Amino acid sequence: MRALTSLSLTQMHRALRDATVSAPDLLEAHIERIQSLDHSINAVVVRDFERARAQAADSAKRLAQGSGRALEGIPITIKESINVMGLPTSVGNPGDRDFVSAHDAPTVARLRAAGAVIVGKSNVPPEMADWQAANPVYGRTNNPWDNTRTCGGSSGGGAALAAEFCALDIGSDIGGSVRVPAAFCGVYGLRPSETLVPRSGQYPIPPTPNWGAVLGAQGPLARSAQDIEQVLGVLAGPDVGEDKAWRVTLPAPRCNTLRGARIALLELPEFAPVDPDTLAARQQLIERLQAAGAVVQTAQPQAMGDWRAHYQLYLRLLHYMMSPRWDDDKRQVAIERLSAVDDEFAMAQIEGLRCTGAQLFGWHLQREQYRAAWRTFFCEWDAMLTPAFHTPAFEHKTFDGPALGLGATTHSVQVGNASVPYTRGLFYPHVSTLAGQPAIAFPVGVSRAGLPLSMQLIGPYLEDLTVIRLAGLMAAPTVTPALR
C-alpha cells in the first residue's frame, strides 16, 4: 500500500489511466495511511471517507469507460477554511464549529468536475493568521519531519501531503500560507497570479466574489512541479459571473531549460535576516544555475528601493484585509499591543487596522504603481529567486489570540544569531504578494538538523507556467520524512 501513496499526482494519474491500480484501491491506501499514522500528526482534521468511496467508485466506472477526467480518482484534501458542501468550515473558531457549508467553493467545484476524490479537510490556525496550524476545535498539526515543530500555516495541508495522506492539497495564501507550509514540509506550493484562480468561497467570503478583497489567492500544494502544472490547468479561470464569457489561456513557459534563463537575485535586506542553512542552500543553487548556463545577477524593480515602503504598504493592506470582522474592542487591543512594540514596521500594521476609505483608495493606487514596476522588470528578467521563508520550520509556539495583529506582537523567531520579530516572517512572502505576482516555493535540500529547505521563484503576472517550469528544473529531488 505504501508504494501507491508515495506516487506523485502525475504518476497516480498515469497508473489509473493504464489500469495498473483502481481508484477505490488508491483511495483505500490513503485512508489506511491516515488511520494508521495521522494520530501523531493530526493533519486531516475533517474526514469524509464514505463520500470519498462513492466518488472513487464513480471514477472507476469512468476510467473503465475511457472517459476519465484530468484528476480522475486522485485523493486530495482541502484547507478547512475553503467551503466544501456538507463539511464544516469553522476556521478553527469554537463559535463556528457547527457551521456546515451548503455549497462548494468554485475551486472545489472545479476539482470535483475534474474527478478529484476529496478525502477530507486539512487544519488551519484561528482566522488563518499564523504559520502554524493549531486551534481550539481540532488541536495542533505537527510537522511530519519533526513533531516538535510547526508544519506551517495557515494551510496546514503541507503536513498531509508530506505524510502521503493525499496527492494534493488546496490552500490559500495572503501572507505565505501556501508557500510556507510547502517550505516547512519539503513540497511544492504555488501562490498563483492573484486573479488567475477564483478567490471566493473561502470563509468568511461567500460564494460570490468580493472585488474589494485583495492580496489573497487560493492555490495548490503538491509533490512535484509537474503536479502543480496539471492542477493549475483545472483551477485556472475567472470567478463566478465573469466565467460567462472570459476564458484563460496561459502563455507558454518562457524557459524549458536553465540555459539562457534570466534569474534575478533579490538582495537580502538587513532587516530580514535569513537562516545560515537557507543561505548555504541558496548559494549552492546559484552555482548550479550558473553552471547550467543561466544568467544570474542581483536585480530588482527600481521602484522598490530598500523595500521598506513596499513592505509597509503590504502590512497596511494585510491588516486591513485580516480584520474586517473584528469588533472595536478587539481592534483596540491589537492597536495597543502593537503600539508597545519596538519595531519600525508596527505603525504600518496599526494604520491598516485604523484605515479610512480615503487611505484605502490611496493604498490601492500605490499598489498599482508597484504592479507597473514589476511589468517593466520582467521585460528583462524571467524570474526572481528569493528565500521562501527566513528559517526552516520552527518549534511550536503558543499565542494569546491569532498571531497576526494580536498574539505574536511580543514573540520572536531565532534566525541564525538574530532574534527576529515573529511577524517579520511576512517579508519574503510579501515580495510577490503585494502586486499579485505568481510565486512558487520548492525544495532545495535538507538542513543540518534534518529539516526541509526551500526557495521561492517569483514571476511575471499571469505567466505562472514560467515559474512552475523553472522551479521543476531548479528543485532538489523530493525527499519524504520517515513516519512511524
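A cavity here is a set of grid points where a 1.4 Å probe fits but cannot get out, and its lining residues have an atom within 4 Å of a point. With that in hand, let's look around this structure, which is a predicted model.

**Enclosed space**

The count comes to 3 cavities of 30 Å³ or more. The largest cavity holds about 70 Å³ of space. Which residues line the largest cavity? They are Leu338, Val341, Asp343, Gln349, Ala408, Thr409, His411, Pro421, Tyr422 and Thr423. Sorted by class, this lining has 5 nonpolar, 4 polar and 1 charged residues. Asp343 is in the lining, and Asp counts as charged.

**Salt bridges**

Now to the charged side chains: the structure holds 27 salt bridges. Here are three of them, each with its closest N to O distance.

| Pair | N to O distance |
|---|---|
| Asp146 and Arg149 | 3.1 Å |
| Arg199 and Glu194 | 3.2 Å |
| Arg254 and Glu463 | 2.9 Å |

How do these partners sit relative to the surface? In the pair of Asp146 and Arg149, Asp146 has a relative accessible area of 24% and is partly exposed. Arg149 comes out at 19%, so this residue counts as buried, the cut-off being under 20%. For the second pair, both Arg199 and Glu194 are buried.

The salt bridge between Arg254 and Glu463 ties together distant parts of the chain, with the two positions 209 residues apart. Arg254 lies in the loop between α8 (225-235) and β11 (262-265), while Glu463 belongs to the loop between β17 (452-458) and α16 (464-474). Arg254 is partly exposed, at a relative accessible area of 32%, whereas Glu463 is buried at 16%.

Some bridges also share partners: Asp173, Arg179, Arg191, Glu194, Arg199 and Arg367 are joined in this way into one network. The pair of Arg199 and Glu194 from the table is thus part of that network.

**A crossover between strands**

The strand β11, which follows the loop that holds Arg254, has a pairing of its own to show. β11 pairs with strand β12 (residues 295-298) in the parallel sense, over 4 bridges. Which residue of β12 does Leu265 face? Leu265 stands opposite Thr298. Between the two strands the chain passes through helix α9 (residues 276-291), and the resulting β-α-β crossover is right-handed.

Key:
Residues are numbered from 1 along each chain as its sequence is written. This is a predicted model: local features need pLDDT of at least 70, side-chain atom pairs count only at pLDDT 80 or more; totals for chains, interfaces and linings use all residues. Side-chain values use heavy atoms; hydrogens and water are left out. On a 1 Å grid over the protein atoms alone, a cavity is a set of points where a 1.4 Å probe fits but cannot get out, and a pocket is an open set with protein on both sides within 12 Å along at least five of seven lines; lining residues have an atom within 4 Å of a point. Grid points are joined across faces, edges and corners, and a volume is the space filled by probe spheres set on the points. A salt bridge is a side-chain nitrogen of Lys or Arg within 4 Å of a carboxyl oxygen of Asp or Glu. Buried means under 20% relative accessible area, exposed over 50%, partly exposed in between (1.4 Å probe, protein chains only). Two strands pair if DSSP finds at least two bridges between them. A crossover is right-handed if, with the strands pointing away from the viewer, the path from the first strand over the helix to the second runs clockwise.
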